[in-house]
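Please work through the exercises below with the sequence and the model at hand. Each task is followed by a stepwise solution.

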Amino acid sequence: MEPQAEPKPIPLMTPYKMGASLDLAHRVVLAPLTRQRSYGNVPQPHAAVYYGQRATPGGMLITEATGVSDTAQGYTDTPGVWTAEQAEAWRPVVDAVHAKGALFFCQLWHVGRVSKYGFQPGGAAPVSSTERMVGPQVRHDGSTKEFSPPRRLAAEEIPMIVDDFRKATRNAINAGTYMRT
Ligand SMILES: Cc1cc2nc3c(=O)[nH]c(=O)nc-3n(C[C@H](O)[C@H](O)[C@H](O)COP(=O)(O)O)c2cc1C
């Protein structure tokens, strides 16, 4: 009998070297997916279950978009990583992913003008690069989502936003994201 040919590997399931040093065992990546279950902007214990379930040895996950500051907010109950409490709350989530042998990146965001007064500290205008408003958006259920007129940041305020990203990045790294397993 002829020997059976080796089955061809499924490309999606082949290893991938990402950048200089990150070795993925396969190419199935969890894209960042906003979940709106982080009450008070603090990741909850069930996030460890959710992300842990989606982690595989040598896989890669990206967190849901995670706020860098109180002005970064525009959606209810999205997680943050700008306070010590938030960073601590990420730790067991990161541990659950690493326990399965996957890489975990934190997606940092600032929503800019995609926000409204109610999400902003002191009910202030959302901060942006422009004073032009975002037009109303129609949700999947047909309802309309509206935004507040933004305030254009002065040039000298921009370093503060950069600094928010810097601090959030440090917190995310301290919580264990973007580390080799
Ligand atoms: C419910 C939902 C939430 C999402 N949240 C984010 C997010 O937090 N950050 C982001 O960059 N993309 C987000 N996306 C976009 C997805 O990560 C993905 O890029 C998008 O669904 C396109 O991929 P697809 O063509 O495979 O659907 C979201 C998409 C959905 C459907």
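The exercises go from the whole chain to the ligand, the salt bridges, the surface and the backbone.

The structure is a predicted model, in which local features need pLDDT of at least 70 and side-chain atom pairs count only at pLDDT 80 or more, while totals for chains, interfaces and linings use all residues. Residues are numbered from 1 along each chain as its sequence is written, and side-chain values use heavy atoms, with hydrogens and water left out.

**Exercise 1. The chain as a whole**

Task: Determine how many helices and strands the chain has, and what share of its residues is buried.

Solution:
- Step 1. Helices (H or I, at least four residues) and strands (E, at least two) are taken as DSSP runs and numbered from the N terminus. The chain holds 3 helices and 11 strands.
- Step 2. Read from the N terminus, the order is β-β-β-α-β-β-α-β-β-β-β-β-β-α.
- Step 3. The C-alpha atoms fill a box of roughly 75 × 40 × 30 Å along the principal axes.
- Step 4. A residue is buried under 20% relative accessible area, exposed over 50%, and partly exposed in between (1.4 Å probe, protein chains only). On this scale, 40% of the 181 residues count as buried.

**Exercise 2. The ligand and its shell**

Task: Identify which residues surround the ligand and which polar contacts they make.

Solution:
- Step 1. A residue belongs to the shell if one of its heavy atoms lies within 4 Å of the ligand. Ala31, Pro32, Leu33, Thr34, Ala65 and Gln107 surround the ligand.
- Step 2. Ala, Val, Leu, Ile, Met, Phe, Trp, Tyr, Cys and Pro count as nonpolar, Asp, Glu, Lys and Arg as charged, and the others, Gly among them, as polar. The shell accordingly divides into 4 nonpolar, 2 polar and no charged residues.
- Step 3. A polar contact with the ligand is a pair of N or O atoms within 3.5 Å. Pro32 places a backbone N or O atom 2.7 Å from a ligand oxygen. Thr34 has a side-chain N or O atom 2.6 Å from an oxygen atom of the ligand. Gln107 brings a polar side-chain atom to 2.7 Å from a ligand nitrogen.
- Step 4. Taken alone, the ligand exposes 610 Å², of which the protein buries 33%; accessible areas come from the Shrake-Rupley method with a 1.4 Å probe.

**Exercise 3. Salt bridges**

Task: Find the partners of Lys17, Glu88 and Asp163 in salt bridges, and state where the helical pairs lie.

Solution:
- Step 1. The criterion is a side-chain nitrogen of Lys or Arg within 4 Å of a carboxyl oxygen of Asp or Glu. By this rule the count is 6 salt bridges.
- Step 2. Lys17 pairs with Asp23, with the closest N and O atoms 3.3 Å apart. Lys17 is partly exposed at 48% relative accessibility, and Asp23 is partly exposed at 42%.
- Step 3. Glu88 pairs with Arg91 at 3.4 Å between the closest N and O atoms. Because Glu88 and Arg91 are 3 residues apart in helix H2 (residues 84–99), about one helical turn separates them.
- Step 4. The side chains of Asp163 and Arg166 meet at 2.5 Å, N to O. Asp163 and Arg166 are 3 residues apart in helix H3 (residues 158–174), so they too are separated by about one helical turn. Asp163, Arg166 and Lys167 are linked in a network of salt bridges.

**Exercise 4. A nonpolar surface patch**

Task: Name the residues of the nonpolar patch on the surface, and place Met13.

Solution:
- Step 1. Patches consist of residues with over 30% relative accessible area and no salt bridge; nonpolar side chains (Val, Leu, Ile, Met, Phe, Trp, Tyr) are joined within 5 Å, and like charges within 9 Å.
- Step 2. Ile10, Leu12, Met13 and Val28 form the patch, with about 380 Å² of accessible area together.
- Step 3. Met13 lies in the segment before strand E1 (16–18) and is partly exposed at 48%.

**Exercise 5. Positive phi angles**

Task: Locate Gln36 and Asp77 and give their phi values.

Solution:
- Step 1. Gln36, a residue other than glycine, has a positive phi near 60°. Gln36 sits in the loop between strand E3 (29–30) and helix H1 (45–54).
- Step 2. Asp77 is not a glycine, yet its phi is positive at about 55°. Asp77 is in the loop between strand E5 (66–67) and H2.
- Step 3. Gln36 is partly exposed at 36%, and Asp77 is partly exposed at 23%.

Conventions:
Polar contact = N/O pair within 3.5 Å; in protein donor to acceptor, adjacent residues only side chain to side chain.
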